[in-house]
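Trainee: Could we go through this structure together, with you explaining why each label is used?

Mentor: Gladly; let us look at it first.

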Number of protein chains: 2
Amino acid sequence: MPSKTFMGSVSSPKVDLVVDMGSPLLNLTVDGFLKIGTVAAAKVVVEETYHVVKRGSVSKHNLEDALKKMCKEGAYWGAVAGIYVGMEYGMERVRGTRDWKNAMLGGALTGAIVSAASNSKGDKIIMDAITGGAVATAAEFLNYLT
Amino acid sequence: MPSKTFMGSVSSPKVDLVVDMGSPLLNLTVDGFLKIGTVAAAKVVVEETYHVVKRGSVSKHNLEDALKKMCKEGAYWGAVAGIYVGMEYGMERVRGTRDWKNAMLGGALTGAIVSAASNSKGDKIIMDAITGGAVATAAEFLNYLT
(Lines give C-alpha, C1' and ligand atoms only; values in the text may rest on other atoms or scores of the structure.)
Protein backbone atom coordinates (compact mmCIF):
# COMPACT_ATOMS: atom_id res chain seq x y z
CA MET A 1 0.00 0.00 0.00
CA PRO A 2 1.26 3.48 -0.70
CA SER A 3 2.62 5.12 2.41
CA LYS A 4 0.67 8.30 1.79
CA THR A 5 -2.43 6.63 3.21
CA PHE A 6 -0.70 6.32 6.59
CA MET A 7 -1.97 9.69 7.74
CA GLY A 8 -5.45 8.18 7.77
CA SER A 9 -4.68 6.46 11.08
CA VAL A 10 -5.20 9.83 12.73
CA SER A 11 -8.92 9.33 12.20
CA SER A 12 -9.05 6.18 14.33
CA PRO A 13 -10.69 7.19 17.56
CA LYS A 14 -9.45 7.12 21.11
CA VAL A 15 -6.50 4.80 20.51
CA ASP A 16 -3.79 7.32 21.19
CA LEU A 17 -1.42 5.17 23.18
CA VAL A 18 1.83 5.15 21.25
CA VAL A 19 4.50 2.68 22.31
CA ASP A 20 7.92 3.12 20.77
CA MET A 21 9.78 -0.18 20.75
CA GLY A 22 12.75 1.26 18.88
CA SER A 23 12.15 -0.68 15.66
CA PRO A 24 9.58 -0.05 12.93
CA LEU A 25 8.74 -3.76 12.82
CA LEU A 26 7.97 -3.92 16.54
CA ASN A 27 6.19 -0.57 16.46
CA LEU A 28 3.86 -1.74 13.70
CA THR A 29 3.22 -5.04 15.45
CA VAL A 30 2.39 -3.39 18.77
CA ASP A 31 0.27 -0.78 17.02
CA GLY A 32 -1.65 -3.50 15.18
CA PHE A 33 -2.14 -5.43 18.40
CA LEU A 34 -3.50 -2.39 20.27
CA LYS A 35 -5.73 -1.07 17.48
CA ILE A 36 -7.30 -4.34 16.42
CA GLY A 37 -7.47 -5.59 20.00
CA THR A 38 -9.49 -2.47 20.79
CA VAL A 39 -11.85 -3.15 17.91
CA ALA A 40 -12.42 -6.70 19.15
CA ALA A 41 -13.00 -5.51 22.73
CA ALA A 42 -15.48 -2.92 21.45
CA LYS A 43 -17.26 -5.64 19.49
CA VAL A 44 -17.72 -7.65 22.71
CA VAL A 45 -19.06 -4.55 24.49
CA VAL A 46 -21.64 -4.02 21.74
CA GLU A 47 -22.65 -7.68 21.81
CA GLU A 48 -23.01 -7.73 25.58
CA THR A 49 -24.91 -4.45 25.56
CA TYR A 50 -27.35 -5.92 23.07
CA HIS A 51 -27.88 -8.93 25.31
CA VAL A 52 -28.39 -6.73 28.38
CA VAL A 53 -30.87 -4.46 26.59
CA LYS A 54 -32.76 -7.48 25.35
CA ARG A 55 -32.89 -9.15 28.76
CA GLY A 56 -33.63 -5.87 30.48
CA SER A 57 -31.38 -6.58 33.45
CA VAL A 58 -27.69 -6.76 34.24
CA SER A 59 -25.95 -8.70 36.98
CA LYS A 60 -22.43 -8.68 38.39
CA HIS A 61 -21.89 -12.04 36.79
CA ASN A 62 -22.69 -10.62 33.34
CA LEU A 63 -20.19 -7.82 33.75
CA GLU A 64 -17.41 -10.15 34.83
CA ASP A 65 -18.22 -12.42 31.96
CA ALA A 66 -18.15 -9.55 29.48
CA LEU A 67 -14.83 -8.31 30.82
CA LYS A 68 -13.28 -11.74 30.50
CA LYS A 69 -14.58 -12.06 26.95
CA MET A 70 -13.24 -8.60 26.06
CA CYS A 71 -9.76 -9.57 27.19
CA LYS A 72 -9.87 -12.91 25.43
CA GLU A 73 -11.21 -11.70 22.10
CA GLY A 74 -9.11 -8.53 22.23
CA ALA A 75 -5.92 -10.49 22.80
CA TYR A 76 -6.76 -13.00 20.08
CA TRP A 77 -7.67 -10.47 17.37
CA GLY A 78 -4.78 -8.29 18.47
CA ALA A 79 -2.31 -11.15 18.22
CA VAL A 80 -3.50 -12.13 14.77
CA ALA A 81 -3.37 -8.51 13.59
CA GLY A 82 0.06 -7.97 15.12
CA ILE A 83 1.45 -11.06 13.42
CA TYR A 84 -0.12 -10.03 10.12
CA VAL A 85 1.19 -6.47 10.23
CA GLY A 86 4.64 -7.70 11.22
CA MET A 87 4.62 -10.27 8.41
CA GLU A 88 3.45 -7.80 5.81
CA TYR A 89 6.15 -5.37 6.88
CA GLY A 90 8.72 -8.16 6.77
CA MET A 91 7.57 -9.08 3.26
CA GLU A 92 8.00 -5.50 2.17
CA ARG A 93 11.56 -5.45 3.49
CA VAL A 94 12.44 -8.78 1.92
CA ARG A 95 10.75 -8.16 -1.42
CA GLY A 96 11.57 -4.46 -1.57
CA THR A 97 8.16 -3.47 -2.98
CA ARG A 98 4.66 -2.76 -1.76
CA ASP A 99 1.89 -4.58 -3.56
CA TRP A 100 -0.91 -7.08 -3.06
CA LYS A 101 1.56 -9.97 -3.01
CA ASN A 102 2.81 -8.74 0.37
CA ALA A 103 -0.72 -9.04 1.70
CA MET A 104 -1.08 -12.51 0.20
CA LEU A 105 2.21 -13.82 1.60
CA GLY A 106 1.73 -12.06 4.93
CA GLY A 107 -1.79 -13.45 5.20
CA ALA A 108 -0.59 -16.96 4.33
CA LEU A 109 2.20 -16.85 6.94
CA THR A 110 -0.18 -15.44 9.53
CA GLY A 111 -2.71 -18.16 8.77
CA ALA A 112 -0.02 -20.82 9.16
CA ILE A 113 1.31 -19.36 12.43
CA VAL A 114 -2.11 -18.87 14.02
CA SER A 115 -3.17 -22.32 12.87
CA ALA A 116 -0.01 -23.96 14.23
CA ALA A 117 -0.37 -22.06 17.51
CA SER A 118 -3.94 -23.34 17.96
CA ASN A 119 -2.81 -26.98 17.75
CA SER A 120 -3.75 -27.63 14.15
CA LYS A 121 -1.71 -30.22 12.32
CA GLY A 122 -0.37 -30.92 8.83
CA ASP A 123 -2.98 -30.32 6.15
CA LYS A 124 -5.08 -28.05 8.36
CA ILE A 125 -2.15 -25.63 8.71
CA ILE A 126 -1.65 -25.53 4.93
CA MET A 127 -5.37 -24.96 4.35
CA ASP A 128 -5.44 -22.17 6.94
CA ALA A 129 -2.39 -20.61 5.31
CA ILE A 130 -4.14 -20.66 1.92
CA THR A 131 -7.31 -19.19 3.41
CA GLY A 132 -5.31 -16.52 5.27
CA GLY A 133 -3.56 -15.53 2.06
CA ALA A 134 -6.84 -15.38 0.15
CA VAL A 135 -8.61 -13.31 2.81
CA ALA A 136 -5.71 -10.85 3.03
CA THR A 137 -5.59 -10.54 -0.77
CA ALA A 138 -9.34 -9.98 -0.91
CA ALA A 139 -9.14 -7.30 1.79
CA GLU A 140 -6.31 -5.61 -0.10
CA PHE A 141 -8.30 -5.57 -3.35
CA LEU A 142 -11.43 -4.30 -1.58
CA ASN A 143 -9.36 -1.50 -0.18
CA TYR A 144 -8.38 -0.33 -3.65
CA LEU A 145 -11.95 -0.60 -4.87
CA THR A 146 -13.62 1.73 -2.44
CA MET B 1 -10.60 5.85 2.29
CA PRO B 2 -9.11 8.67 0.29
CA SER B 3 -9.88 8.38 -3.39
CA LYS B 4 -6.23 8.84 -4.34
CA THR B 5 -5.62 5.18 -3.51
CA PHE B 6 -7.99 4.13 -6.26
CA MET B 7 -5.23 3.99 -8.85
CA GLY B 8 -3.84 1.02 -6.93
CA SER B 9 -6.43 -1.23 -8.51
CA VAL B 10 -4.30 -1.15 -11.64
CA SER B 11 -1.85 -3.42 -9.83
CA SER B 12 -4.38 -6.22 -9.38
CA PRO B 13 -3.43 -8.85 -11.90
CA LYS B 14 -5.28 -10.27 -14.84
CA VAL B 15 -8.73 -9.03 -13.81
CA ASP B 16 -9.17 -6.56 -16.61
CA LEU B 17 -12.80 -7.16 -17.42
CA VAL B 18 -14.57 -3.87 -16.92
CA VAL B 19 -18.36 -3.88 -16.95
CA ASP B 20 -20.05 -0.50 -17.10
CA MET B 21 -23.50 -0.68 -15.57
CA GLY B 22 -24.09 3.03 -15.96
CA SER B 23 -24.04 3.79 -12.24
CA PRO B 24 -21.05 4.07 -9.89
CA LEU B 25 -22.86 1.98 -7.25
CA LEU B 26 -23.49 -0.90 -9.64
CA ASN B 27 -20.02 -0.55 -11.16
CA LEU B 28 -18.37 -0.88 -7.76
CA THR B 29 -20.60 -3.80 -6.80
CA VAL B 30 -19.88 -5.70 -10.01
CA ASP B 31 -16.18 -4.88 -9.76
CA GLY B 32 -16.10 -6.18 -6.19
CA PHE B 33 -17.95 -9.33 -7.19
CA LEU B 34 -15.55 -10.07 -10.04
CA LYS B 35 -12.32 -9.24 -8.19
CA ILE B 36 -13.06 -11.01 -4.92
CA GLY B 37 -14.79 -13.87 -6.72
CA THR B 38 -11.56 -14.35 -8.68
CA VAL B 39 -9.53 -14.39 -5.46
CA ALA B 40 -11.83 -17.07 -4.00
CA ALA B 41 -11.66 -19.14 -7.18
CA ALA B 42 -7.86 -18.87 -7.15
CA LYS B 43 -7.86 -20.00 -3.51
CA VAL B 44 -9.77 -23.15 -4.49
CA VAL B 45 -7.31 -23.80 -7.33
CA VAL B 46 -4.37 -23.57 -4.91
CA GLU B 47 -6.09 -25.84 -2.40
CA GLU B 48 -6.96 -28.45 -5.01
CA THR B 49 -3.46 -28.27 -6.50
CA TYR B 50 -2.02 -28.95 -3.07
CA HIS B 51 -4.27 -31.98 -2.66
CA VAL B 52 -3.35 -33.28 -6.14
CA VAL B 53 0.39 -32.80 -5.54
CA LYS B 54 0.09 -34.59 -2.22
CA ARG B 55 -1.88 -37.50 -3.61
CA GLY B 56 0.28 -37.63 -6.73
CA SER B 57 -2.60 -38.32 -9.08
CA VAL B 58 -5.51 -36.47 -10.60
CA SER B 59 -8.79 -37.87 -11.88
CA LYS B 60 -11.63 -36.44 -13.92
CA HIS B 61 -13.76 -36.53 -10.81
CA ASN B 62 -11.27 -34.27 -8.93
CA LEU B 63 -11.32 -31.71 -11.70
CA GLU B 64 -15.10 -31.57 -11.82
CA ASP B 65 -15.20 -31.27 -8.08
CA ALA B 66 -12.66 -28.45 -8.08
CA LEU B 67 -14.55 -26.59 -10.80
CA LYS B 68 -17.79 -26.85 -8.87
CA LYS B 69 -16.07 -25.61 -5.70
CA MET B 70 -14.48 -22.70 -7.60
CA CYS B 71 -17.88 -21.56 -8.83
CA LYS B 72 -19.49 -21.95 -5.42
CA GLU B 73 -16.80 -20.22 -3.36
CA GLY B 74 -16.22 -17.61 -6.05
CA ALA B 75 -19.90 -16.72 -6.16
CA TYR B 76 -20.18 -16.62 -2.36
CA TRP B 77 -17.12 -14.46 -1.70
CA GLY B 78 -18.01 -12.32 -4.71
CA ALA B 79 -21.55 -11.76 -3.46
CA VAL B 80 -20.36 -10.81 0.03
CA ALA B 81 -17.74 -8.44 -1.41
CA GLY B 82 -20.22 -6.94 -3.85
CA ILE B 83 -22.72 -6.27 -1.08
CA TYR B 84 -20.00 -4.80 1.15
CA VAL B 85 -18.62 -2.48 -1.54
CA GLY B 86 -22.13 -1.36 -2.47
CA MET B 87 -22.99 -0.74 1.19
CA GLU B 88 -19.80 1.18 1.88
CA TYR B 89 -20.40 3.33 -1.20
CA GLY B 90 -23.99 3.87 -0.12
CA MET B 91 -22.80 4.91 3.36
CA GLU B 92 -20.45 7.40 1.80
CA ARG B 93 -23.28 8.94 -0.21
CA VAL B 94 -25.63 9.07 2.75
CA ARG B 95 -23.09 10.32 5.30
CA GLY B 96 -21.21 12.53 2.86
CA THR B 97 -17.77 11.59 4.24
CA ARG B 98 -15.20 8.84 3.90
CA ASP B 99 -13.94 7.38 7.14
CA TRP B 100 -13.77 4.17 9.13
CA LYS B 101 -17.39 4.49 10.19
CA ASN B 102 -18.43 3.74 6.61
CA ALA B 103 -16.52 0.48 6.84
CA MET B 104 -18.12 -0.32 10.19
CA LEU B 105 -21.68 0.40 9.06
CA GLY B 106 -21.13 -1.22 5.66
CA GLY B 107 -19.68 -4.30 7.34
CA ALA B 108 -22.58 -4.47 9.80
CA LEU B 109 -25.19 -4.21 7.05
CA THR B 110 -23.33 -6.79 4.95
CA GLY B 111 -23.16 -9.14 7.92
CA ALA B 112 -26.89 -8.75 8.51
CA ILE B 113 -27.80 -9.28 4.85
CA VAL B 114 -25.53 -12.29 4.37
CA SER B 115 -26.76 -13.76 7.64
CA ALA B 116 -30.41 -13.24 6.77
CA ALA B 117 -29.83 -14.69 3.29
CA SER B 118 -28.34 -17.85 4.79
CA ASN B 119 -31.47 -18.52 6.85
CA SER B 120 -30.22 -17.18 10.17
CA LYS B 121 -32.83 -15.82 12.55
CA GLY B 122 -33.20 -13.07 15.14
CA ASP B 123 -30.22 -12.84 17.44
CA LYS B 124 -27.90 -14.64 15.05
CA ILE B 125 -28.45 -11.91 12.44
CA ILE B 126 -27.65 -9.20 15.00
CA MET B 127 -24.50 -11.04 16.14
CA ASP B 128 -23.38 -11.50 12.53
CA ALA B 129 -24.00 -7.81 11.88
CA ILE B 130 -21.83 -6.88 14.88
CA THR B 131 -19.09 -9.26 13.78
CA GLY B 132 -19.27 -7.97 10.20
CA GLY B 133 -18.91 -4.39 11.41
CA ALA B 134 -15.97 -5.29 13.65
CA VAL B 135 -14.14 -7.22 10.92
CA ALA B 136 -14.62 -4.40 8.41
CA THR B 137 -13.41 -1.82 10.95
CA ALA B 138 -10.39 -3.96 11.79
CA ALA B 139 -9.54 -4.36 8.08
CA GLU B 140 -9.86 -0.60 7.61
CA PHE B 141 -7.49 0.12 10.53
CA LEU B 142 -4.99 -2.48 9.35
CA ASN B 143 -4.98 -0.79 5.99
CA TYR B 144 -3.94 2.51 7.50
CA LEU B 145 -1.27 0.82 9.60
CA THR B 146 0.74 -0.78 6.84
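Mentor: Let us start with two rings: Trp100(A) is buried, and so is Phe141(A). This is a predicted model, in which local features need pLDDT of at least 70 and side-chain atom pairs count only at pLDDT 80 or more, while totals for chains, interfaces and linings use all residues. Residues are numbered from 1 along each chain as its sequence is written, chains are lettered from A and ligands numbered from 1 in the order in which they are written, and side-chain values use heavy atoms, with hydrogens and water left out.

Trainee: What makes the pair of Trp100(B) and Phe141(B) edge-to-face?

Mentor: Rings of Phe, Tyr and Trp (its six-membered ring) pair if their centres lie within 6.5 Å; planes under 30 degrees apart count as stacked, over 60 as edge-to-face and the rest as tilted. The ring centres of Trp100(B) and Phe141(B) are 5.8 Å apart and the planes stand at 65°, so this pair is edge-to-face. It links distant parts of the chain, with Trp100(B) in helix α3 of chain B and Phe141(B) in helix α4 of chain B, 41 residues apart.

Trainee: How do you know that Trp100(B) is buried?

Mentor: Buried means under 20% relative accessible area, exposed over 50%, and partly exposed in between (1.4 Å probe, protein chains only). Trp100(B) has a relative accessible area of 13%, so it is buried. Phe141(B) counts as buried too, because its relative accessibility is 6%.

Trainee: How many aromatic pairs does a search of the whole structure find?

Mentor: The search gives 2 aromatic pairs over all chains. One of them is formed by Trp100(A) and Phe141(A), edge-to-face at 5.8 Å centre to centre with 65° between the planes. Here Trp100(A) sits in helix α3 of chain A and Phe141(A) in helix α4 of chain A, 41 residues apart.

Trainee: What counts as a helix here, and how many are there in chain A?

Mentor: Helices (H or I, at least four residues) and strands (E, at least two) are DSSP runs, numbered from the N terminus. Chain A has 4 helices and 0 strands, and its pattern along the sequence reads α-α-α-α.

Trainee: How do you know that the span of helix α1 of chain A agrees with what is expected?

Mentor: The expected span is 1.5 Å times one less than the number of residues. Helix α1 (residues 24-55) of chain A has 32 residues and should span 46 Å; its end C-alpha atoms are 46 Å apart, so the two agree. Its buried residues include Leu28(A), Gly32(A), Lys35(A) and Ile36(A). Just after α1(A), Gly56(A) takes a positive phi of about 80°.

Trainee: And what is the reach of helix α1 of chain B?

Mentor: Helix α1 (residues 24-55) of chain B reaches 46 Å from its first C-alpha to its last, close to the expected 46 Å. Gly56(B), just after α1(B), has a positive phi of about 80°.

Trainee: Why is Asn119(A) called exposed?

Mentor: Its relative accessibility is 67%, so Asn119(A) falls in the exposed class. Asn119(A) lies in the loop between α3 and α4 of chain A, and its phi is near 65°, a positive value in a residue other than glycine. In chain B, Asn119(B) is exposed because its relative accessible area is 69%. Asn119(B) has a positive phi of about 65° although it is not a glycine.

Trainee: What is the volume of the largest pocket?

Mentor: About 1700 Å³. Among the residues closest to its centre are Val135(A), Ala136(A) and Val135(B), out of 48 that line it. On a 1 Å grid over the protein atoms alone, a pocket is an open set of points with protein on both sides within 12 Å along at least five of seven lines, and lining residues have an atom within 4 Å of a point. The volume is the space filled by probe spheres set on the points, which are joined across faces, edges and corners.

Trainee: Why does Ala136(A) count as buried?

Mentor: Because its relative accessibility is 10%, Ala136(A) belongs to the buried class. Ala136(A) lies in helix α4 of chain A.

Conventions
On a 1 Å grid over the protein atoms alone, a cavity is a set of points where a 1.4 Å probe fits but cannot get out, and a pocket is an open set with protein on both sides within 12 Å along at least five of seven lines; lining residues have an atom within 4 Å of a point.
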